[in-house]
Amino acid sequence: MRRPIIIILSVIGIFLLLGTSIMYLFGPSSANTFSNVSRDLGGFGGGAPEVGIAPAAQEPAVVSSAYDPSQDAFNKAAQVQERLVIENADLAIVVKDPKTRIQQISDLAKEFGGFVVSSNLYQSYTAMGKEVPEATIVIRVPSERLDEALARIKEGAVDIDYENRSGQDVTNIYVDLQSQLKAKEAAEGKLLEIMDQATRAEDVLAIYLQVQSVQSEIEVLKGQIKYYEESAALSAISVRLIAEEGTQPIEVGPWKPEGAAKEAIQDLIFFVQNFAEFLIRFVLYNLPALILIGIPLYLVFLGGRALFRRFRKSNEKVEKAEEVKK
């Protein structure tokens, strides 16, 4: 009877120790800073995973003033950790042939050890209604070669419409995630040891469920850490390719009265020709067709009118005969 009680008390003690360590590692100020950074990172790369830490309860003054080796180790780890910065670029360039240039940028991404995220080639229209090609492409290249890649992309461009670069420092988030991962892995190891010592089936099942929960949290943390590592290792470059002919200014020539008079005379001649063609067609086609249709209709009308008059006369005779009888 005492053995299951000892096992249960050991599990509770491990979770209390884990909660105390997390409260020491992440105080209220660290949690607020972490939450702000997570909100700032929400729009990157189509939705970075949100990581939130609930603020820990305030510790008594005696505990907060005591020396904490784990907090000191955390601060040293943050100082030793190399800065993790996610860098991206967005630009639009004017080129002679967008179709050829989009292929060159795709080959450039592969040459630099990156890959193409998306590409799109389509047709647009100028102010004069002329159809011109345009293209957009998004690639990822190693962050250490971002400057070199941008220089190669802009090489040979007719003009640069705009260019934007952005950087997001996620070092604090990355260090926090690693600390949480270590704590969860340590808790997992302790739970597995206790589960090996358990003898009752209900104790084994309870500990197994807790191990499953901790392992799920470990996998989520590993996925978030991998996301930040890959995002920092590979920078995203979004390029819009604009055809040179689509940026040409609209040229308005001088007004010439003789040209307007010539066009007016041509329009008058066309009107006379069209009107004459209409009269000829009306006399030779439309009028005979109307006559052929109208004659049967007129005959039907005459027949209907004759029947109506005869019927009306017969009614009048009947009415007069009835009046004479009265």
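The side chain of Glu134 makes a polar contact with the side chain of Ser124, at 3.3 Å. That is in a predicted model, which applies to everything I say here. Glu134 sits in strand S3. At a relative accessible area of 11%, Glu134 is buried, because the cut-off for buried is under 20%. Not counting residues up to four places away in sequence, Glu134 touches Pro98, then Asn120, Leu121, Tyr122 and Ser124, and then Arg240, Leu241, Ile242 and Ala243.

One place before it is Pro133, also a residue of strand S3. Is Pro133 buried or partly exposed? Its relative accessibility is 21%, so Pro133 counts as partly exposed. With the neighbours within four places in sequence set aside, the contacts of Pro133 are Pro98, Tyr122, Gln123, Ala243 and Glu245. Take Gln123 from that list: the two residues are 10 apart in sequence, and their C-alpha atoms are 4.5 Å apart.

Now the sheet. Five strands make up an open sheet, in the order S2-S3-S5-S1-S4, with mixed pairing. The edge positions go to strand S2, residues 115–125, and to S4; each has a single partner strand, so one side of each has no neighbour in the sheet. On average, neighbouring strands of this sheet are turned by 10° against each other, ignoring direction. Helix H8, residues 201–233, packs on the sheet and touches S1, S3 and S5. The direction of H8 makes about 50° with that of S5.

Strand S1 covers residues 85–95. Which strands does S1 pair with, and in what sense? With S4, residues 159–169, the pairing is antiparallel, over 10 bridges. With S5, residues 234–243, S1 runs parallel, and eight bridges join the two. For individual pairs on the S4 side, Glu87 has Gly167 as its bridge partner, and Ile86 stands opposite Gln168. On the S5 side, the bridge partner of Asp90 is Ser238. Eight of the 11 residues of S1 are buried, so the strand is largely enclosed by the rest of the structure.

Next, helix H6, residues 146–154. Which residues of H6 are buried? They are Leu146, Ala149, Leu150 and Ile153. Looking down the axis of H6, these buried residues fall within an arc of 100°, so they line one face of the helix. The general point is that an α-helix has 3.6 residues a turn, so residues three or four places apart point the same way. The cover over the buried residues of H6 includes four strands I have already named, S1, S3, S4 and S5, and also helix H5, residues 98–111. Just after H6 comes Gly156, with a positive phi of about 80°.

Another helix, another residue. Lys184 lies in helix H7, residues 171–197. Its relative accessible area is 18%, so Lys184 is buried. What does the side chain of Lys184 join in a polar contact? The partner is the side chain of Glu217, at 2.4 Å. Beyond the neighbours within four places in sequence, Lys184 is in contact with Val214, Glu217, Ile218 and Leu221. Residues 201–233 are helix H8, the helix that packs on the sheet.

To finish, the chain as a whole. The protein chain has nine helices and five strands. Starting at the N terminus, the elements run α-α-α-α-β-α-β-β-α-β-α-α-β-α. How much of the chain is buried? Of the 326 residues, 28% are buried. The accessible surface of the chain is about 22100 Å², and carbon and sulfur atoms hold 59% of that. For contacts between residues at least 6 apart in sequence, 81% join residues at least 24 apart.

Key
Residues numbered from 1 in each chain as written. Predicted model: local features only at pLDDT ≥ 70, side-chain atom pairs only at ≥ 80, totals over all residues. Heavy atoms only, no water. Buried < 20%, exposed > 50% of the residue type's maximum accessible area, 1.4 Å probe, protein only. Pairing = 2+ DSSP bridges. Axes fitted to C-alpha atoms, helices over the stretch in contact; angles between N-to-C directions. Contact = heavy atoms within 4.5 Å. Polar contact = N/O pair within 3.5 Å; in protein donor to acceptor, adjacent residues only side chain to side chain. Areas by Shrake-Rupley, 256 points an atom, 1.4 Å probe, with all protein chains shown as cover. Arc of directions from axis to C-beta.
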